[in-house]
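User: I would like to go through some of the labels used for the rings and lysines in this model. Please give the reasoning behind each one.

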Amino acid sequence: MDSFISVIIPVYKNIDLLNDSLKSLSDQTYKFFEVIVVNDGSSEKKEKLKIIKNLKKKKLDIKLINIKKNKGVSCALNKGINKSKGKYISWLSHDDFFHPKKFEKQINFMKKKKIDVCFTNFYLVNNQKKILKKINYKNILFEPKKHILIRDNINFCTAIINKKIFKKIGYFDLQKKHTQDYDLMIKIFRNYKIYFLNNNLFYSRVHKKQSSIIGKEAANKEK
């Protein structure tokens, strides 16, 4: 299948939110994908295995990679990408989730445009999944490599990326603990034409336990 997607989900804490992420994948109308959950040194391995077994019963192509010691999101993502078999890579944070038609709409758009990178609009939601805000790129004022620095609102988890791009520009920087997505997006934006699909197909959950809030000061310094 020339449009097979590998979805990488790094997990460390807040495992209770993983169910929603995986359910959003089992609900996808586009079925040509695999799911790689990377346990980044968490002690909740048994709980993750239980969740994964339940999803396998629903015929979701899913596997678990265990990292013994917590090494951070960059390491987990790189492990998942290196173990993936898809033509395309999608990153899903374990506390977020996708619209059921995300893969179908994005892959069709990418085939039509003959492109290697595609981002989408998205929603910010609370713990009850209530929509707090829509983030749209229809009237983007700056080219992407400038927009990411000026507006700071492009979400890497909306993207589907041809895996060959990682081989050309490199993987996530292990030294970046908070800005690995910014770092890699800027590298991609400098070398490839970026397309935005004008549909809100991703839900980014805002909650008190998320790393961007807990480590906000350190993240700002790194940015």
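Analyst: This is a predicted model. A place to start is Lys193, whose charged end sits over the ring of Tyr195 at 5.4 Å from the ring centre.

User: What makes Lys129 a charge over the ring of Phe97?

Analyst: Lys129 lies over the face of Phe97, 5.5 Å from the ring centre. The distance limit is within 6 Å, so 5.5 Å meets it.

User: Where does Lys129 lie, and why is it called partly exposed?

Analyst: Lys129 is in the loop between S6 and strand S7 (131-135). Its relative accessibility is 41%. Partly exposed covers the range between 20% and 50%, so Lys129 belongs there.

User: What is notable about the phi of Lys129?

Analyst: The phi of Lys129 is near 70 degrees, which is positive, and the residue is not a glycine. Most residues other than glycine have a negative phi.

User: Which loop holds Lys114, and why is Lys114 called exposed?

Analyst: Lys114 lies in the loop between helix H4 (102-113) and S6. Exposed means over 50%, and Lys114 has a relative accessible area of 76%, so the label applies. Lys114 also has a positive phi, about 55 degrees, without being a glycine.

User: How many aromatic pairs are there, and why is the pair of Phe97 and Tyr203 called stacked?

Analyst: The structure holds 17 aromatic pairs. In the pair of Phe97 and Tyr203, the centres are 4.8 Å apart and the planes differ by 10 degrees. A pair needs centres within 6.5 Å and stacking needs planes under 30 degrees apart, so this one is a stacked pair. It links distant parts of the chain: Phe97 is in strand S5 (residues 97-98) and Tyr203 in strand S9 (residues 195-205), 106 residues apart.

User: How do you know whether Phe97 and Tyr203 are buried or exposed?

Analyst: The relative accessible area is 9% for Phe97 and 16% for Tyr203. Buried means under 20%, so both values qualify.

User: Why is the pair of Phe119 and Phe189 called edge-to-face?

Analyst: Their planes are 65 degrees apart, with 5.7 Å centre to centre. Edge-to-face requires over 60 degrees, so the pair takes that name. Phe119 is in strand S6 (residues 117-125) and Phe189 in helix H7 (residues 180-191), 70 residues apart.

User: What makes Phe119 and Phe189 count as buried?

Analyst: Phe119 is at 1% relative accessibility and Phe189 at 7%. Each value is under 20%, so each residue is buried. Ring pairs also link these two into a cluster whose members include Trp91, Tyr137 and Phe196.

Technical notes: Residues are numbered from 1 along each chain as its sequence is written. This is a predicted model: local features need pLDDT of at least 70, side-chain atom pairs count only at pLDDT 80 or more; totals for chains, interfaces and linings use all residues. Side-chain values use heavy atoms; hydrogens and water are left out. Rings of Phe, Tyr and Trp (its six-membered ring) pair if their centres lie within 6.5 Å; planes under 30 degrees apart count as stacked, over 60 as edge-to-face and the rest as tilted. Helices (H or I, at least four residues) and strands (E, at least two) are DSSP runs, numbered from the N terminus. Buried means under 20% relative accessible area, exposed over 50%, partly exposed in between (1.4 Å probe, protein chains only). A charge sits over a ring if NZ of Lys or CZ of Arg is within 6 Å of the ring centre and within 35 degrees of the ring normal.
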